[in-house]
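I opened the notebook today to look up some salt bridges and one serine. Here is what I jotted down as I went.

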Amino acid sequence: MRWRLPSLVLPILLAITPAARADLVYVLNSGEASITVLDAVTRQEVRRIPVLREPHHLVLTPDGSELVIADSGGNEVFFVKPETGEVLRRARISNPYHLEYSPDGKYLVIASLRRDQVDILDAATLELVHRFRPGDKPSHVAFTPDSRTVFVTMQGDRAVAAFDMGTRTHLWTQEVGPEPAGIIWHRGRLIIGIMGSDHFVTLDPVTREVRQAFTLGRGAHTIFPSPDGRSLYATSRVDSRLAEIDPETLAVRRTWAIPGGPDCLTFDPEGRVWMTLRWIGRVAVLDPRGDTWETVRVGRSPHGIFFKPRRDGVGGDFALSMAGATSGTRPLATPLPRRPHAGAPPPAGIVPGSIPAAPAIPASLRRTP
């Protein structure tokens, strides 16, 4: 007699195969109040998490144990277990649009785009420590590596505002250009996307000198350091471009025309760039070593995105253990030490200076510019 598995047993066995431990990608669908969780290998949706109204941005807690997802329209933040997508708890927060933890892990700063406020919260208790009302449309947040100063782009005021975290004072406001959006700390300077124009600028936080850094395209929006520190990647939403930027000179090395409005970025341990395509409800996955990418359908108006490794030896905060962690919205004085699982060597993909070739993209998913 030929032996067969009962039909009810097979799904249980499939659920405990190695594929069940594939890396995950979280995508915030701001146009339909949900979070798509993708299997990073198959590119299939494995979970859809409902939220209240309008999620835009997300951040990993300093210890890497929780993913904090801000629902700005719903006035709540969701704390999610990144390994599974389980919602652990929720908290009421006033209009959380963009958010970032201080590098020392003590504070969580919230930029409230609609309510024109910047809130400093105690990271452990979420109690409001101080509220600033610096001007029109606070947008994106970035810190200095020593956690002493936080900077916020003010879209409605064409400016960047600086705040002293110790004295709780508004230090200065500096005009930088129309509708400034994404902002990062990079080697002693700030780099800001000028969304109302086509370029990025640098801002010296001491002298407050503003210089045009590079031109990318209309809707110049956000910029992210690669985990290995070898590149910066910047987006323009209107002209639909992604650019690789030299971290030393800020010269544009390469550009890719990727239709759909590239917005936020995340990176996997193989060095691929994952980006939300805001206008077409998709995510694009680009291997910078080639000229092809694939797209994956998600929800409407995807915005924030986060790659969660679940393989042995790689923590959720793997990017903070590499050279690129010294730049960004939460820059560190030095990268965090790697914390591999006991007995598991760190994969070659996260060793600075040794990023291996990415696995081949299936032909059925391949896109060419």
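I began with a salt bridge in this predicted model: Glu-83 pairs with Lys-308, and their closest N and O atoms are 3.5 Å apart. I then checked where the two partners sit. Glu-83 is in the loop between strand E6 (76–81) and strand E7 (86–92) and Lys-308 is in strand E28, so the pair ties together parts 225 residues apart in sequence. I also looked up exposure: Glu-83 is partly exposed at 23% relative accessibility, whereas Lys-308 is buried at 5%.

Next I went to Arg-187, which forms a salt bridge with Glu-248 at 2.7 Å between the closest N and O atoms. This pair links distant parts of the chain, 61 residues apart, with Arg-187 in the loop between strands E16 and E17 and Glu-248 in the loop between strands E22 and E23. Arg-187 is partly exposed at 44%, and Glu-248 is exposed at 58%.

Arg-187 led me on to Ser-327, as the serine touches Arg-187 along with Trp-185, His-186 and Pro-225. I found Ser-327 in the segment after strand E28. Is Ser-327 buried or exposed? I get a relative accessible area of 8%; under 20% counts as buried, so Ser-327 is buried. Its side chain makes a polar contact of 2.7 Å with that of His-186.

Last, I looked at the whole chain. I noted 27 salt bridges, and a network of them links Asp-23, Asp-268, Glu-270, Arg-272 and Arg-311. The chain has one helix and 28 strands, and 56% of its 369 residues are buried.

Technical notes. Residues numbered from 1 in each chain as written. Predicted model: local features only at pLDDT ≥ 70, side-chain atom pairs only at ≥ 80, totals over all residues. Heavy atoms only, no water. Helix = DSSP H or I, 4+ residues; strand = E, 2+ residues; numbered from the N terminus. Buried < 20%, exposed > 50% of the residue type's maximum accessible area, 1.4 Å probe, protein only. Polar contact = N/O pair within 3.5 Å; in protein donor to acceptor, adjacent residues only side chain to side chain. Contact = heavy atoms within 4.5 Å. Salt bridge = Lys/Arg side-chain N within 4 Å of Asp/Glu carboxyl O. Lists of a residue's contacts leave out its neighbours within four places in sequence.
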